Structures are given as structure tokens and as C-alpha cells.
Amino acid sequence: IRSQGKNLLDLESKYFNPSNVTYAKSGTTYTITGNTENYNYGQFAWTTTDSWFRNSLGKEVTLSVSSISCTNANSKACVQVRIECTDGSKVYKTISINDSSKYVTFTMPSNAIDMALHLMSNNTGSPLDSESTLTVSNIQLVLGNTVTQYKAYRHQTLYSNRVIGYEKGVV
């Protein structure tokens, strides 16, 4: 039997793929520094092979962070979810450094095939922002539309040496 806590994102078991950034992690705080040369981000990715992702299709979810800041106040730094669907369309949901609410609620498309969580120190722009460092703490994705206090991802697998079931006619 597997059970899972409310936070759907297991960032500890996923590889963080940097693109033109330096990356550091301390506890549940992530720091991304990018330069002025390119589109700067790092990402975690999930697909429909991840059970929580399959189970969230067509359901309302809320992405939240407890803090988000950037060394460059003019930066387009953000935390962004990119969802790709079977028809080739993409859905983007963003929490920027200027969002005081620090959350976004959306319905996971029922035809989604993968999801990436981008931590962007420098979003696209013309011209690109100067070098900036994004710091984000306590990233959480939960089912529903309620922002809740951060809880680290946890799962538990329970094993039993007993057969669980019933026989017809036996109480």
C-alpha cells in the first residue's frame, strides 16, 4: 500500500537540469543564477509514468512557494509550470517575483503528457535582463484550490505478510 502526503512534488528524487545557470540547494531553498547571454532556467520534469501526475489529470491543483525573490528587481525571474499536452499545445502557469500571493491555481489538462517545473533567473525579454539570482523556498503542488502551509513531500509504502481481502459469505 502506498500513501502520499499532500505535497505532490518529490524534488529530492528528480534530477535538476540546469540551462545556462548555476544552481544551489539548501534544505528546501533553491538558488538559481543566470547570465545575460541566454534564456536562463533550470527544471524538474515529470511524465504520465509518475502516478501523482496521472492522478491529477483533469483536477484542480495549486502551485505555491513560501518565498520568492531576485537580486534584480527588474528581472522577469519566476517559478513556472510548463505542461505539454497530447495535441502539442502547452500550458504555462507562473509565479513571478512581483506576485504577492505566491501561488497559482489551475486545472491540470486531462490530455497532459508531461510537466516541467522551471526555476527561471532570467526570462525572455528584449534585451535580456542583467545577471540575476532567483531564490525560491518551499515549492509545493497540492490537489485543490487551497493554499496550505508547506509540507515536504513524503510517501510511505506499507507491506503486509497477510492476505487482505474477503471471502464471499464470511464475515
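Which residue of β12 does Y30 stand opposite? In this predicted model, the answer is V136, and the close-ups below start from that spot.

**View 1. Strand β12 and its partner β4.** Here's where Y30 and V136 face each other, with V136 sitting in β12. Strand β4 covers residues 29-34, and 6 bridges join β4 to β12. The two strands run antiparallel.

**View 2. Strand β12 and its partner β7.** Now look at β7, residues 67-70, which is tied to β12 by 4 bridges. This pairing is antiparallel. One pair to pick out is S67 with its bridge partner S137 in β12. As for β12 itself, 5 of its 6 residues are buried, so the strand is largely enclosed by the rest of the structure.

**View 3. The backbone at N138.** Follow the chain to the loop between β12 (132-137) and β13 (140-143), and you'll find N138. Its phi is near 55°, a positive value in a residue other than glycine. That's worth a second look because most residues other than glycine have a negative phi. Is N138 buried or exposed? N138 is buried: its relative accessible area is 18%, and the cut-off for buried is under 20%.

**View 4. An open sheet of 3 strands.** The order here is β10-β6-β13, and the pairing is antiparallel. β10 and β13 stand at the edges with a single partner strand each, so one side of each has no neighbour in the sheet. On average, neighbouring strands of this sheet are turned by 20° against each other, direction ignored.

**View 5. Strands β6 and β13 up close.** Zoom in on β6, residues 60-64, and its antiparallel pairing with β13, which extends over 4 bridges. Where does L63 fit in? L63 stands opposite L141 in β13.

**View 6. The backbone at K102.** Here's another spot to check in the backbone: K102 has a positive phi of about 60°, although it is not a glycine. K102 lies in the loop between β9 (90-96) and β10 (103-107), and β10 is one of the edge strands of the open sheet. How does K102 score on accessibility, and what is its relative accessible area? K102 comes out as partly exposed, with a value of 26%.

Technical notes:
Residues numbered from 1 in each chain as written. Predicted model: local features only at pLDDT ≥ 70, side-chain atom pairs only at ≥ 80, totals over all residues. Heavy atoms only, no water. Buried < 20%, exposed > 50% of the residue type's maximum accessible area, 1.4 Å probe, protein only. Pairing = 2+ DSSP bridges. Axes fitted to C-alpha atoms, helices over the stretch in contact; angles between N-to-C directions.
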